[in-house]
Amino acid sequence: DSPYQPLSTFAGNELLIDIGELIELGLIQPREAEPLTRLARDTVDYGNLIPLKNQILKLAASRFEQNASAELKAACDDFVETHDQRWLHDYALFRILKSKHGEKSWPEWDAKFVHRDHATLKDFESSADAELAHVKVIQFLFHHQWQALRRYANDKGVRLFGDMPIGIALDSADAWAHPEILQIDRDGKPSFVAGVPPDYFSETGQLWGNPLYAWDAHAADNYRWWAERVSTAAQLADMVRIDHFRGFEAYWSVPATSKTADVGSWIQGPGDAIFDAMRHSLGYLPLVAEDLGVITPEVEALRDRHQIPGMVVLQLDIVNPEFELDKIVENCVCYTGTHDNDTTVGWFHGGPEDIRSQGEVEMTRDAALALTGGSAETIHSDLVRVAFSTNAKLAIAPMQDFLGLGSDARLNTPGTSSNNWRWRLRSSQLDTNTTKSIATMVSESNRGLS
């Protein structure tokens, strides 16, 4: 369920498709969507949601040719024609084959499918033509809805800020269709995997398990795959934060047999070459660098040479004796906390997943109150105001901080694999008092649009 382990780098997440619009289009009957209303409302119940929603989406796709308008069908045809050769057909084939193999990871499929035997794939495609078409329709519906959302947001003066993991999942259409871009053998088995050494979030590091890139292969192709990846992301969002930016300068390589990430070594990354190639291809870099953790002068220099904004996270920096608000540079994004942090209220009081000692929590409280000049009761809004007051050209606070929610609203705990990415914002939480409070903070910090 993690957005950092997607089945495709290029495909949209079908779980985000609005079923209400499919009802309006005549692709779904209201009674057919009724089971979704019985799911949990405050958190995402992936175990029950995924099979229910997939069933509904397949039903909508099966009716698309008959029930969709001529205009919508023409738009779908254009979408398929534009993306089929680049990623869409491989993605559809991957999803159908994965289903036929009981959702097993592709290295566990029949050998001819693992090795993409040409004759075997052609025979399978001819027998699964309708199923392939349905996967492509579902992807069209995602992109059609998303672009409508983006246009609406942009028309209101709102820009969308996306997030891109540096790595890709082994069990993905990208790895199956293009194993040559990764450090894996022809059977899909990696010798080394990605992670980070011990840091603030984990005493034994974070073992992500993603396959590592074969950077020599990317360089030989002038980083074309990366240019297409960033170009696709830029079609979905106005800005994109690349997670683990330091991996472009040097990346942590962990033996695939290791149980933790503390056993590994730093290997030189592609450096300037990848950003030069992407800028040459795209003309610009709509990127923000996630430059947290073990950051060296070489990483900072790489970021600055390409004028890519970095990050300041107040929750992480506030206890640093050398931290000064007025030294935050303009070309950065200042956060109260990110999806990997506890909420500000949980961080201030010390949440259940906290790895800090009681003494460290108390030190954090003292530093936070000294910096904000506020109180324990208002620490969430106080820290937001501090972020908004900095020189950073962009300041961001999670909605949980605007609402003053505690650790039970935390989105993700790094290094853990359960109960993450489940918190949901309810429309009822965005009442008039909340929206006025946010508007006031934006206005008082002179960050509003003129």
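1. A good place to start is with the charged pairs: the structure holds 22 salt bridges, a salt bridge being a side-chain nitrogen of Lys or Arg within 4 Å of a carboxyl oxygen of Asp or Glu. Please keep in mind that this is a predicted model, in which local features need pLDDT of at least 70 and side-chain atom pairs count only at pLDDT 80 or more, while totals for chains, interfaces and linings use all residues. Residues are numbered from 1 along each chain as its sequence is written, and side-chain values use heavy atoms, with hydrogens and water left out.

2. One of the salt bridges joins Arg-95 to Glu-14, with 3.4 Å between the closest N and O atoms. Arg-95 belongs to helix α4 (residues 70-100) and Glu-14 to the segment before α1 (19-24), so this pair ties together parts that are 81 residues apart in sequence. Helices and strands here are DSSP runs numbered from the N terminus (H or I of at least four residues for helices, E of at least two for strands). Arg-95 is partly exposed at 22% relative accessible area, whereas Glu-14, at 12%, counts as buried. For these words, buried means under 20% relative accessible area, exposed over 50%, and partly exposed in between, with a 1.4 Å probe and protein chains only.

3. Next, have a look at Arg-305 and Asp-272, a salt bridge whose closest N and O atoms are 3.0 Å apart. Distant parts of the chain are linked by this pair, since Arg-305 sits in helix α12 (residues 297-305) and Asp-272 in helix α11 (residues 272-282), 33 residues apart. Asp-272 is partly exposed, with 27% relative accessibility.

4. Helix α12 takes part in another salt bridge, between Asp-291 and Arg-303, where the closest N and O atoms are 2.6 Å apart. Asp-291 lies in the loop between β7 (287-289) and α12, and Arg-303 in α12 itself, so the pair ties together parts twelve residues apart in sequence. Asp-291 is buried at 8% relative accessible area, and Arg-303 is buried at 15%. Elsewhere, Asp-163, Arg-241 and Asp-243 are joined into one network by salt bridges that share partners.

5. Now to helix packing. Helix α15 (residues 358-372) and helix α16 (residues 379-389) pack at an angle of about 55°, their axes 10 Å apart. Axes are lines fitted to C-alpha atoms, for helices over the stretch in contact, and angles run from 0 to 180 degrees between N-to-C directions. The two helices, α15 and α16, are therefore oblique to each other. Contact (heavy atoms within 4.5 Å) is made by Ala-368, Leu-371 and Thr-372 of α15 with Ile-379, Asp-382, Leu-383 and Val-386 of α16. By class, this contact has five nonpolar, one polar and one charged residues.

6. Helices α4 and α7 (residues 129-155) pack at about 125°, with axes 7 Å apart. They are therefore oblique as well; angles under 35 degrees count as roughly parallel, over 145 as roughly antiparallel, 65 to 115 as roughly perpendicular and the rest as oblique. The class count for the contact of α4 with α7 is 15 nonpolar, four polar and four charged residues. In this scheme Ala, Val, Leu, Ile, Met, Phe, Trp, Tyr, Cys and Pro count as nonpolar, Asp, Glu, Lys and Arg as charged, and the others, Gly among them, as polar.

7. Lastly, Asp-221 is found in the loop between α9 (215-220) and α10 (224-236). Asp-221 is partly exposed, at 35% relative accessible area. Its C-alpha atom and that of Met-363 are separated by 51 Å, the two residues being 142 apart along the chain.
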